[in-house]
Amino acid sequence: MEQSNGPIQQPLRAASADPGFIPGLTAVAAPPEDAAVPEDAPVEDTVSDEVAVSEEVAEDPVTEDVPEDAPAPADGPVFEAADRRGRIVADAEGVRLSYDEEACEFRWDEIAAVESEKGRFGKKFTVTVHTPDRRWYPIEIVAPDRGRIAGWEAELDAVLDAYFDEAS
């Protein structure tokens, strides 16, 4: 007597393996290669409206309208570090932290201290913004390599030296 090691194997019939499994979906038959098309036959336009619209948009690039009273970007140092989830930007306006969908922004007059720390092992770089009301907001960024952390620390120090006034 022969024993079975499992259920009887049947071909998989699901939409992921067989598109014909989806009700109402039919295959488009290609014309045979030897079929000749008469020269006087009308040529059908196969470009869809969506593609035509997207090409029109690509041809006419829209420039962003910048208000006349908007401040010009500062020529001073800027620090920016990001990974797949978090981002830190420090410039003349202040410090902006974002992590996933959450974001916070601090002007320089709202900041009591900015602390940075590199992980002892690994590639983690942590920046903590402290406010005068004794709250702190840390964010951790994973660097692409350990050497990049030293560069980030130098860039952050340059921004803090340029814009952060410790007397306030």
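This report describes a three-stranded sheet and the largest nonpolar core of a predicted model.

Residues are numbered from 1 along each chain as its sequence is written, and side-chain values use heavy atoms, with hydrogens and water left out. Because the model is predicted, local features need pLDDT of at least 70 and side-chain atom pairs count only at pLDDT 80 or more, whereas totals for chains, interfaces and linings use all residues.

**The sheet**

Three strands, in the order β5-β6-β7, form an open sheet with antiparallel pairing. Strands here are DSSP runs (E, at least two residues), as helices are (H or I, at least four residues), numbered from the N terminus, and two strands pair if DSSP finds at least two bridges between them. The edge strands, each pairing on one side only, are β5 (113-118) and β7 (136-142). From one strand to the next the twist averages 15°, where axes are lines fitted to C-alpha atoms and angles run from 0 to 180 degrees between N-to-C directions.

The two pairings are set out below.

| Strands | Bridges | Residues between the strands | Residue with positive phi |
|---|---|---|---|
| β5 and β6 | six | five | G122, near 100° |
| β6 and β7 | seven | five | R134, near 60° |

Particular bridge partners help to place the strands against one another: E117 stands opposite T126 in β6, K118 has F125 of β6 as its bridge partner, and V127 is matched with I139 in β7. Strand β6 spans residues 124-130, and five of its seven residues are buried (under 20% relative accessible area with a 1.4 Å probe, protein chains only), so β6 is largely enclosed by the rest of the structure.

**The nonpolar core**

A nonpolar core is taken as a set of buried Ala, Val, Leu, Ile, Met, Phe, Trp, Tyr and Cys residues joined through side-chain atoms within 4.5 Å. The largest such core has 22 residues, of which F79, I111 and L156 touch the most other members. At least two residues of this core are supplied by each of β1 (79-82), β2 (86-90), β3 (94-99), β6, β7 and α2 (146-163), and the largest share, five residues, comes from α2.

Leaving aside neighbours within four places in sequence, F79 is in contact (heavy atoms within 4.5 Å) with I88, V89, A90, F125, W152, E155, L156 and V159. One of these contacts, F125, is also the bridge partner of K118.

Technical notes: Buried means under 20% relative accessible area, exposed over 50%, partly exposed in between (1.4 Å probe, protein chains only).
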